[in-house]
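Here are my notes on the model you sent round, set out point by point so that each can be checked against the coordinates.

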Amino acid sequence: MTKIFLTRGFVTLLLIAISLSGASQDGLAAAKFVAGFEDLPLMPSMTEIPDADVSVDTTAGRIIIAFARSPDGPETIRAFYRTVLSQLGWRKQTETAFTREDEVLSFDYLVDGSDTVIRFSLLPQ
């Protein structure tokens, strides 16, 4: 994406802090982010669904949609992102929606056998 947001600086500082706290370089290399998002960490138990993401810049703002799969249930996933997103400046609006600046990040869950498929959606507010 061509836009650079202040949150990228926050993520950089967070990674520096982790490295100074004694985390191994292997742990830093393993840190992953959801496709299309500069600062939305992929939950460790998740795997992204390849070629399912969409990213568009519009005059109203960014639109990003990405999908991942996890063996964890929706409540475990919600708990993880409630904690992580509040640390990244997102404000909880509902159980599945957060706002920051002029954007809304939402999550949708689909139970697929023993897995949960999650859709991450970022839309202009």
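The points below go from the overall fold to single residues and then to the enclosed space.

1. Please keep in mind throughout that this is a predicted model. The protein comprises three helices and seven strands, and from the N terminus on these elements follow the order α-α-β-β-β-α-β-β-β-β.

2. Of the 125 residues of the protein, 31% count as buried, while the exposed surface comes to about 7200 Å², with carbon and sulfur atoms supplying 59% of it. Among contacts with a separation of 6 or more, 52% are between residues 24 or more positions apart.

3. Two residues deserve a look for their backbone angles. Asp-51, which is not a glycine, has a positive phi near 60°, and its place is in the loop between β1 (47-48) and β2 (54-58). With a relative accessibility of 78%, Asp-51 lies over the 50% cut-off and therefore counts as exposed.

4. The second such residue is Glu-101, again a residue other than glycine, whose phi is positive and near 50°. Glu-101 sits in the loop that runs between β5 (97-100) and β6 (103-112), and it is classed as exposed because its relative accessible area of 55% is over 50%.

5. Is Glu-103, by its relative accessible area, buried or exposed? This residue belongs to strand β6, and its relative accessible area is 6%, which is under the 20% cut-off, so Glu-103 is buried.

6. The surroundings of Glu-103 can be described in some detail. Its side chain is joined to the side chain of Arg-62 by a polar contact of 2.8 Å. Leaving aside residues up to four places away in sequence, Glu-103 touches Arg-62, Trp-90, Phe-98, Leu-122, Leu-123 and Gln-125.

7. As for enclosed space, there are two cavities of 30 Å³ or more, and the largest cavity has a volume of about 40 Å³. Its lining is formed by Phe-37, Glu-38, Asp-39, Leu-40, Arg-62, Leu-85, Trp-90, Arg-100, Leu-105 and Leu-122, and these residues divide into six nonpolar, no polar and four charged.

8. Points 6 and 7 may be worth reading side by side. Arg-62, Trp-90 and Leu-122 are among the residues that Glu-103 touches, and Arg-62, Trp-90 and Leu-122 are also among those lining the largest cavity.

Note on methods:
Residues numbered from 1 in each chain as written. Predicted model: local features only at pLDDT ≥ 70, side-chain atom pairs only at ≥ 80, totals over all residues. Heavy atoms only, no water. Helix = DSSP H or I, 4+ residues; strand = E, 2+ residues; numbered from the N terminus. Buried < 20%, exposed > 50% of the residue type's maximum accessible area, 1.4 Å probe, protein only. Contact = heavy atoms within 4.5 Å. Areas by Shrake-Rupley, 256 points an atom, 1.4 Å probe, with all protein chains shown as cover. Polar contact = N/O pair within 3.5 Å; in protein donor to acceptor, adjacent residues only side chain to side chain. 1 Å grid on protein atoms, 1.4 Å probe; cavity = no way out; pocket = protein on both sides within 12 Å on 5 of 7 lines; lining within 4 Å. Points joined across faces, edges and corners; volume = space filled by probe spheres on them. Nonpolar A, V, L, I, M, F, W, Y, C, P; charged D, E, K, R; others polar.
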